[in-house]
Amino acid sequence: MNEIIPLWAEGAPGFEAGYGQPQPFLQAYPLPGVRDAVLILPGGGYHHLAPYEGEPVAQAMRREGLSAFVLHYRHAPYVWPVPLRDAQRALRLVRVLLDAEAEGPHRVAAMGFSAGGHLAGMLGTESSAGTPDADDPVERRSARPDALALCYPVISMQAFVSEASLQNLTGHKNASFAVRRALSVEERVTADTPPAFLWHTADDANVPVENSLMMANAMSRAGVPFALHVFAHGRHGLGLGEQAGEDVRAWPALCGQWLRSVGFGAQAAAESATR
């Protein structure tokens with residue numbers, strides 16, 4: 001429980017000790033014998049990682065019957081694509097760890113909060129097949145998540161944008177139109193994008209709800225299944241929603257139910273039914 005696992009045993013490519021951040025790593029919260037997992041990407045505007053969007057969420061997902069892994073990815077002054085490379089490596093590594101935990105096929109969802117939701121969305125819309133002949137067995141695995149869970153996510157870098165997140169991500173105050181478009185998740189959705197669970201509050205003052213609405217609209221146009229929950233009230237950065245209303249606090253259970261509907265935990269349920 002809560003094992004610390006470096007993403008690269010020999011150190012992360014491009015690591016800068018002078019930036020004052022640790023090597024990127026996973027915190028593991030496995031459930032013995034469970035084949036399916038959630039990779040959790042905390043938010044923090046690509047400036048820091050919010051702790052309340054890490055371990056507490058992992059414990060909530062364990063209560064939903066899923067193993068959980070929290071990614072401590074690099075952020076500013078690191079710039080794009082370093083966070084994505086960390087997320088891809090993490091998802092590949094989670095697949096290897098799940099193979100060691102239990103036999104049989106597995107599924108991995110990428111769950112992100114705020115800027116971590118942007119990172120999860122970029123991860124889910126990036127071409128990320130493994131390299132079959134790689135010397136490192138982790139690099140042979142796919143980094144494409146089987147599902148996305150996007151929690152009050154930053155989606156667009158063009159409209160309703162979080163300028164602070166964009167500046168931290170690019171290292172520039174005035175990113176070009178081409179950069180903004182390339183970093184907008186809604187522009188990257190295709191029929192191959194994994195299904196998604198999205199939730200937001202209607203009066204989020206930091207990352208407007210239009211971000212989730214744009215993502216849902218893009219997925220609808222591409223014919224990709226999704227679930228969208230818009231709660232009436234709640235500030236940005238609610239985490240598990242413990243400081244919000246009862247409706248918002250229901251989101252982990254709603255997400256767990258949705259993940260089961262798209263095949264997560266199916267093996268465990270089948271085994272339980274035969275006992």
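The exercises below, each with a worked solution, concern a predicted model.

**Exercise 1. Check whether the length of helix H6 agrees or disagrees with the expected span, and find where its buried residues lie around the axis.**

Solution. Begin with the extent of the element: helix H6 runs over residues 210–222 and so contains 13 residues. The expected span is 1.5 Å times one less than the number of residues, which for H6 gives 18 Å. The C-alpha atoms at the two ends of H6 are 18 Å apart, and the expectation and the model therefore agree.

Next, list the residues of H6 that are buried, namely Asn211, Ser212, Met215, Ala216, Ala218 and Met219. Because these residues cover an arc of only 160° around the axis, they fall on the same side of H6. The cover over the buried residues of H6 includes three strands, E6 (147–151), E7 (196–201) and E8 (226–231). Finally, look just past the end of the helix, where H6 is followed by Gly223, a residue with a positive phi, near 75°.

**Exercise 2. Identify which residues form the nonpolar patch on the surface, and state which element gives the most to it.**

Solution. The members of the patch are Leu213, Phe226, Leu228 and Val230, which together have about 290 Å² of accessible area. Sorting them by element shows that E8 gives the most, with 3 residues, while Leu213 is found in helix H6. The relative accessibility of Leu213 is 38%, so this residue counts as partly exposed.

**Exercise 3. Count the salt bridges, and determine which parts of the chain are tied together by the pairs Glu64 with Arg260 and Arg180 with Glu163.**

Solution. The rule accepts a side-chain nitrogen of Lys or Arg within 4 Å of a carboxyl oxygen of Asp or Glu, and by it the count comes to 10 salt bridges.

Take the pair of Glu64 and Arg260, in which the closest N and O atoms are 3.2 Å apart. Glu64 lies in the loop between helix H1 (55–63) and strand E4 (67–72), whereas Arg260 lies in helix H8 (residues 251–261), so this salt bridge ties together parts that are 196 residues apart in sequence. With a relative accessibility of 42%, Arg260 counts as partly exposed.

Turn then to Arg180 and Glu163, whose salt bridge also has its closest N and O atoms 3.2 Å apart. Since Arg180 belongs to helix H5 (residues 177–182) and Glu163 to helix H4, the pair ties together parts that are 17 residues apart in sequence. The two partners can be classified in turn: Arg180, at a relative accessible area of 16%, is buried, and Glu163, at 38% relative accessibility, is partly exposed.

**Exercise 4. Classify both partners of the salt bridge between Arg181 and Glu187, and name the residues that shared partners join into one network.**

Solution. The side chains of Arg181 and Glu187 meet at 3.6 Å, N to O. Arg181 has a relative accessible area of 43% and is partly exposed; Glu187, with 38%, is likewise partly exposed. As for the network, salt bridges that share partners join Arg89, Arg92, Asp136 and Glu139.

**Exercise 5. Locate Ala164 in its element, decide whether it is buried or partly exposed, and give its separation from Ile5.**

Solution. Ala164 is placed in helix H4 (residues 163–170). Its relative accessibility is 49%, and Ala164 therefore counts as partly exposed. Along the chain, Ala164 and Ile5 are 159 residues apart, and in space their C-alpha atoms are separated by 30 Å.

How values were computed
Residues numbered from 1 in each chain as written. Predicted model: local features only at pLDDT ≥ 70, side-chain atom pairs only at ≥ 80, totals over all residues. Heavy atoms only, no water. Helix = DSSP H or I, 4+ residues; strand = E, 2+ residues; numbered from the N terminus. Buried < 20%, exposed > 50% of the residue type's maximum accessible area, 1.4 Å probe, protein only. Arc of directions from axis to C-beta. Contact = heavy atoms within 4.5 Å. Patch = residues over 30% accessible without salt bridge, like charges linked within 9 Å, V, L, I, M, F, W, Y side chains within 5 Å. Areas by Shrake-Rupley, 256 points an atom, 1.4 Å probe, with all protein chains shown as cover.
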